[in-house]
Amino acid sequence: MNLATVVIDNGTGYTKMGYAGNMEPSYLIPTAIADSRQKGATKVSNQTEFKNPELDFYIGDEAYAHQKTHDVKTIIRSGQIEDWEAMEKFWHRAIYSYLRCEPEEHRFILTEPPMNTPENREQMAEIMFETFNVKGLFIGVQATLALYAQLCGPESTNKSISQADLSGTVIDSGDGVTHVFPVSDGFVIGSCVRHIPLAGRDITKFILQHLRDRGEKIPSDDALDIAQKVKERYGYVCKDVVKEYQKFDKKTVDESGRVQQSNKFKKYTHKSAVTGETTEIDVGYERFLGPEMFFHPEFIHQDWRSPLDEIVDNAIQSSPIDTRRKLYENIVLSGGSTLFTDFDNRLKKQIQERVDDRFKQYQQLTGQAPKPINVNVSQNMVQRYAVWFGGSVLGSSDHFPKICHSREDYMERGPSICRHNPVFPAGF
Ligand SMILES: Nc1ncnc2c1ncn2[C@@H]1O[C@H](COP(=O)(O)OP(=O)(O)OP(=O)(O)O)[C@@H](O)[C@H]1O
């Protein structure tokens, strides 16, 4: 009997995990581990949860809940696994305690950043097959899975897709890093990938700083948590920063003659999980100034001045000429930090302006009018979990057993079988 494929997408900030065929992952937890400070010591206290100190560790939110007694660390930096031992422990807990499955009975889909080395892929395969004895393994490239999710997602009408349909530009912005990946026929054009060292975590820190600068009283224990909630709940991308400021500064007078601040200001009430105390915070300009980082990165990072539309345009322009039209016409958003309202509209407008300017110059120079390009930036229902959802659809497809590397193959040929992971079998 074929049991559902397990899909685990380990991101810099968050891990999404669940079973293929579902719309959403079953668990979304921080990619963090809290390890015992008393390694090697045998615990004897009756109150100790674990007798074996090697098992005295926590992952995800539980890791942060135990930071007083354990050392918490993140495992992935800029998409790359930094600590393999910690990763293995994280997977162990994820598989047995969260997903509660017997790995030898399931096929697994793990994800990797596009420029991952073959050695890293082999290491993943070794751990999965040798430690967990999984039934099968497929290591999907995150950008390709995000495109796959869009093609086969809930809004898709395209029933018969092939490798050639997997073309477009994926903008993946999560917690730690933002990437722009041009993908042609299912393959990431490696030399044209662009990396931006700014993402959700930087916006959160900026919002926190801005709230404090405006004099809001933020309890230091929950400061980052509050800023993150404010960002996720009230953040949006504006059309024009100056006009947006004016909207916030516009005051009105109510019936009793009292001056009221603009209704653009919002109130956020936070209840501390530790003390139970509530704090009320006025949320103002940071609502649009935080997400503005994508278009005016100099607000946040002194040395980074290229706006996202310039980087996307540059990535596409450096791709082979015959792929560019598809890359402009299918820009796909992936990751939590692309969820801001109107992010897609502003990005589309600014990239379209760049394309139109280039066309005008070409026309003036040659006197010829090329066929226009309509830039399309699509937001979709599965954007936050696009990579995971791509894995979910792939893992439940009929052709998945043909592309998944089996345990028998691994035993016969070793970890090098996992170096290549095409989304479609040959001749599809
Ligand atoms: N509705 C929202 N609006 C804005 N930001 C959001 C929203 N929901 C989540 N985020 C932000 O998205 C980020 C997490 O996104 P995601 O889970 O895609 O990251 P990740 O995969 O862990 O990171 P990376 O892509 O860097 O490896 C966090 O910074 C979170 O605050």
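The following dialogue examines how terms are applied to a predicted model of a protein chain with a ligand.

Trainee: What should be known about the numbering and the model before we begin?

Mentor: Residues are numbered from 1 along each chain as its sequence is written. The model is predicted, so local features need pLDDT of at least 70 and side-chain atom pairs count only at pLDDT 80 or more, while totals for chains, interfaces and linings use all residues.

Trainee: Which domains does the protein chain have?

Mentor: Domain 1 covers 6-145 + 384-419, domain 2 covers 163-199 + 304-378, and domain 3 covers 200-294. Such bounds come from an automatic or database domain assignment. Taken over C-alpha atoms, the centres of domain 2 and domain 3 are 31 Å apart.

Trainee: How many residues of domain 2 and domain 3 are in contact?

Mentor: Two residues are in contact if their C-beta atoms, placed from the backbone, lie within 7 Å. By that rule, 14 residues of domain 2 are in contact with 11 residues of domain 3. On the domain 2 side, the residues divide into 6 nonpolar, 5 polar and 3 charged. Ala, Val, Leu, Ile, Met, Phe, Trp, Tyr, Cys and Pro count as nonpolar, Asp, Glu, Lys and Arg as charged, and the others, Gly among them, as polar.

Trainee: Which residues around the ligand come nearest?

Mentor: A residue is near a molecule if its C-beta atom, placed from the backbone, lies within 6 Å of it. There are 22 residues around the ligand, and Gly11, Gly13, Gly174, Gly200 and Gly336 come nearest. Two elements, α5 (200-213) and α6 (223-234), give two or more residues to this shell. The largest share, 3 residues, comes from α6. By class, the shell holds 5 nonpolar, 12 polar and 5 charged residues.

Trainee: What makes the span of α6 agree with the expected one?

Mentor: Helices (H or I, at least four residues) and strands (E, at least two) are DSSP runs, numbered from the N terminus. The expected span of a helix is 1.5 Å times one less than its number of residues. For the 12 residues of α6 this gives 16 Å, and the end C-alpha atoms are 16 Å apart, so the two agree.

Trainee: Why are the buried residues of α6 said to line one face?

Mentor: A residue is buried if 20 or more other C-beta atoms lie within 10 Å of its own, exposed if 12 or fewer, and partly exposed in between, with C-beta atoms placed from the backbone. In α6, the buried residues are Ile226, Ala227, Val230, Lys231 and Tyr234. Seen down the axis, they fall within an arc of 135°, so they line one face of the helix. The arc is that of the directions from the helix axis to the C-beta atoms. Among the elements that cover these residues are α5, β17 (266-271), β18 (278-283) and α8 (286-289).

Trainee: Does the same reasoning serve for α9? Which of its residues are buried?

Mentor: In α9 (residues 308-317), Leu308, Asp309, Val312, Asp313, Ala315 and Ile316 are buried. They cover an arc of only 160° around the axis, which puts them on the same side of α9.

Trainee: Why is cysteine 238 called buried?

Mentor: Cysteine 238 has 20 other C-beta atoms within 10 Å, and the term requires 20 or more. Cysteine 238 therefore counts as buried. It lies in the loop between α6 and α7 (241-249). Leaving aside neighbours within four places in sequence, cysteine 238 is in contact with Glu244 and Phe288.

Trainee: Is aspartate 222 buried, exposed or partly exposed?

Mentor: Aspartate 222 has 19 C-beta neighbours inside 10 Å, so it counts as partly exposed. Its place is in the loop between α5 and α6. Beyond neighbours within four places in sequence, aspartate 222 is in contact with His270 and Ser272.

Trainee: What makes phi of serine 78 worth a remark?

Mentor: Most residues other than glycine have a negative phi. Phi of serine 78, however, is near 45°, a positive value in a residue other than glycine. Serine 78 lies in the loop between β7 (76-77) and β8 (80-81). With 13 C-beta neighbours inside 10 Å, serine 78 counts as partly exposed.

Trainee: How do you know that valine 375 is buried?

Mentor: Valine 375 has 25 C-beta neighbours inside 10 Å, and therefore counts as buried. It lies in the loop between α11 (343-366) and β20 (377-378).
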